[in-house]
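Me: I would like to go through the salt bridges of a protein structure step by step, please.

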Amino acid sequence: MAHALRLAERGLYTTRPNPRVGCVIAHGERVVGAGFHRRAGGPHAEVFALREAGAAARGATAYVTLEPCAHHGRTPPCADALVAAGVARVVVAAEDPFPQVAGRGIGRLRAAGIAVDAGLLREAARELNVGFFSRIERGRPWVRLKLAMSLDGRTALADGASKWITGEAARADVQRWRARSSAILTGIGTVLADDPRLTVRLPQDVPFEAPLRVVLDSRLRTPAGAALFDDGSPVLLIGLPGVRGDAREALAARGAVFGEAPAGADGRPDLAAVLAQLAAREVGELHVEAGPRLCGELFAQGLADELLLYVAPVLLGSAARPLLELPPLADMAARWRLHVVDRRQLGEDTRLLLRPR
C-alpha cells in the first residue's frame, strides 16, 4: 500500500478534480502490475495496473489507495474491471465519500466473492487528497494560507514592499504548492498593490494543470490590464450581487469570468459563501496568497485549515505590516493554538506547516 501511495503522489499536479490514486497488484510480495491515475478523464489507477498485470491478475491481491469506483463517469467502473480480471482480494486504504461510489465499489466486489479489507494507511490516503475529501464531505475546499514573514512577524514594509522576504529555495517551494492546488485566491487589495500573476512556474519536465485564479473583488475594480490575464487562462472575479463595474466587458475580453457572493457582516463577499461556490466549481485545495486582512478573516472565522508559513531570518521593524489582522483577545486563555504538522529548512528560511488545534 505504501508503494501504491507513492505512485498516487505522481498525479499530485494533474488529476484534479479527481483524487490522486495508486494501485499495486501482487501475488504475495511479487508485484505483477502497478499504476496511478494520471489525468481527469483518463484511465484510473486500477486500469493501468490491470493492463500491466495481464493474466497474472487472476488470484492476486489489488492494493488501491481509494475505493474503486462503481459508476460510469468518463470511464467505466473500476470495480467491474477488478471483478473481470479475477483478482481474489482487494485492500483499500480509504473509502470514497463521493455519493455515486460511497461503499458501492466495495459492495460490488464483495458481491462477486472478492475479499475486501479497508483502512490500511487510511489517514495517509486521506492526507494525500485533503481537498477531495473536504469538498465532498464538507462542501467547501481545504483552505491553505500561504504566508511569509520576518522573525518579528512582519510580512511587508509599511509601504507594502515585500520582495523578497524569503530566499530563492522558499519561493521555488511555493510553486509546487500552487501547482497541487485547484485554485489560487487573492483579494483586490493585493491585485491593485502588487499586480501579481499567481501563475505556476515549474521546470519544463514537470506536468501540471494550471489552477484557477480567483479574486475577491466586491466592486469589480480589477484592471483589465492586470498581469493576471497575461497568460490567457481564466480568472474568476467574485463580487457582490448586482455590481457590474465599469470595465466588465474589457475584463471579459481578457478572459475574466464572473461570480457573485452575498455580502458578509463587513460588506464584502461572505467568505463561507465564496468557499461553497468554489466547491461547486470542483475546487478541492484552495491556496490563498493575500494580505493580512483577508487571511486574518479566513483564520478568525475558522475557515483556514492550515498555514503554510515561511519564516526568514530577517527583521522588518515595528512599523511593518503584520502577519494577520485578528481581533484582540481578552486574555491568554483565548489565544489561537496551532499544531506543527511539518517543519523543514529551505536555504536559510524555515517552512512550517501548521493547523489550528
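The turns below deal with salt bridges and the residues that form them.

Reply: This is a predicted model, in which local features need pLDDT of at least 70 and side-chain atom pairs count only at pLDDT 80 or more, while totals for chains, interfaces and linings use all residues. Residues are numbered from 1 along each chain as its sequence is written, and side-chain values use heavy atoms, with hydrogens and water left out.

Me: How many salt bridges does the count come to?

Reply: A salt bridge is a side-chain nitrogen of Lys or Arg within 4 Å of a carboxyl oxygen of Asp or Glu. By this rule, the count is 22.

Me: Which residue forms a salt bridge with Arg138?

Reply: In this pair the closest N and O atoms are 2.9 Å apart. Arg138 lies in helix α6 (helices are DSSP runs of H or I, at least four residues, and strands are runs of E, at least two, numbered from the N terminus), and its partner lies in the loop between α11 and β13, so the pair ties together parts that are 167 residues apart in sequence. The partner is Asp305.

Me: Is Arg355 buried or exposed?

Reply: Buried means under 20% relative accessible area, exposed over 50%, and partly exposed in between, with a 1.4 Å probe and protein chains only. Because the relative accessible area of Arg355 is 18%, this residue is buried.

Me: Which residue meets Arg144 in a salt bridge at 2.5 Å, N to O?

Reply: Arg144 is in strand β6 and its partner is in strand β13, 162 residues apart. Both residues are buried, and the partner is Glu306.
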